[in-house]
Amino acid sequence: MLRVALTGGIGSGKTAVSDYLETLGVTVLDADRYAHQVTARGQDAVTEIATLLGPAVIDADGHLDRAAVRELVFTDPQKRAALESIVHPRVRHEMNKAASQATGPYVIFSIPLLIETGQAGKFDRVVVVEAARQLRAERVLERSGLDQQAFSSIDHAQASDADRRNAATDLLNNDGSLESLHAQIDALHERLTTLSREQAKTADH
Ligand code: ATP
């Protein structure tokens with residue numbers, strides 16, 4: 001089965017792409033969702049994170065205080081790397097497990113920080129969804145309580161458009177309407193389905 005990564009900057013339309021792919025019957029695995037799952041109450045990663053960052057990051061009910069964690073690692077690259085070495089291998093393990101049970105011609109791994117975490121080379125295809133920065137800002141500000149400053153600080157901390165584009169095998173442009181995005185995804189779906197068949201044939205020989 002073809003392993004396809006999906007990534008893009010903040011507010012680029014990753015969720016819009018994933019949602020539409022799901023209506024086409026494609027399995028989409030969301031790294032953010034798995035990151036939540038492996039750090040849910042009672043998971044051993046939570047104990048390891050508390051050992052790294054201190055017991056104050058766990059609340060009275062045993063839940064991880066995600067805002068406290070973000071704040072503690074924001075200005076401390078070493079702690080951030082240590083946190084990632086706890087969370088990322090578990091996320092990869094769970095996603096690979098889910099992918100091995102998926103049906104269909106290909107499976108999508110939606111990974112917002114694909115480029116930043118150096119994982120692009122691990123996939124058969126890398127789909128990048130792009131939208132102009134100003135549009136991304138407007139869409140995110142409209143959707144959430146985030147302000148322009150919070151958007152900018154997240155945007156700056158992420159890979160550049162050029163870095164993402166360099167890693168891309170397939171580009172989706174989301175500067176236009178959702179209809180235009182969906183039409184591009186229909187074409188992408190056909191390409192990936194064909195590629196997957198070709199890969200399966202090669203594997204048979
Ligand atoms: P994040 O990085 O914050 O997780 P994302 O990349 O998943 O965001 P979406 O949530 O898909 O991006 O899109 C951001 C917002 O813009 C959403 O409210 C979405 O409904 C809206 N949006 C996405 N694409 C379009 C479009 N083509 N036209 C209008 N609105 C759009």
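Me: Why does R164 count as buried?
Reply: Its relative accessibility is 2%, and buried means under 20% relative accessible area, with exposed over 50% and partly exposed in between (1.4 Å probe, protein chains only). So R164 falls in the buried class. By the way, this is a predicted model, where local features need pLDDT of at least 70, side-chain atom pairs count only at pLDDT 80 or more, and totals for chains, interfaces and linings use all residues. Residues are numbered from 1 along each chain as its sequence is written, and side-chain values use heavy atoms, leaving out hydrogens and water.

Me: And what makes D161 partly exposed?
Reply: D161 has a relative accessible area of 39%, so it lands between the two cut-offs.

Me: How do you know that R164 and D161 meet in a salt bridge?
Reply: The rule asks for a side-chain nitrogen of Lys or Arg within 4 Å of a carboxyl oxygen of Asp or Glu. Here the N to O distance is 3.2 Å, so the pair fits the rule.

Me: What about R191 and D170?
Reply: Their side chains also form a salt bridge, at 3.0 Å, N to O. R191 is in helix 9 (residues 178-204) and D170 in strand 5 (residues 170-173), 21 residues apart. D170 is buried at 4%, while R191 is partly exposed at 38%.

Me: How do you know that the length of helix 5 agrees with what it should span?
Reply: Helices are DSSP runs (H or I, at least four residues), strands too (E, at least two), numbered from the N terminus. The expected span is 1.5 Å times one less than the number of residues. For the 24 residues of helix 5 that gives 34 Å, and the end C-alpha atoms are 33 Å apart, so the two agree.
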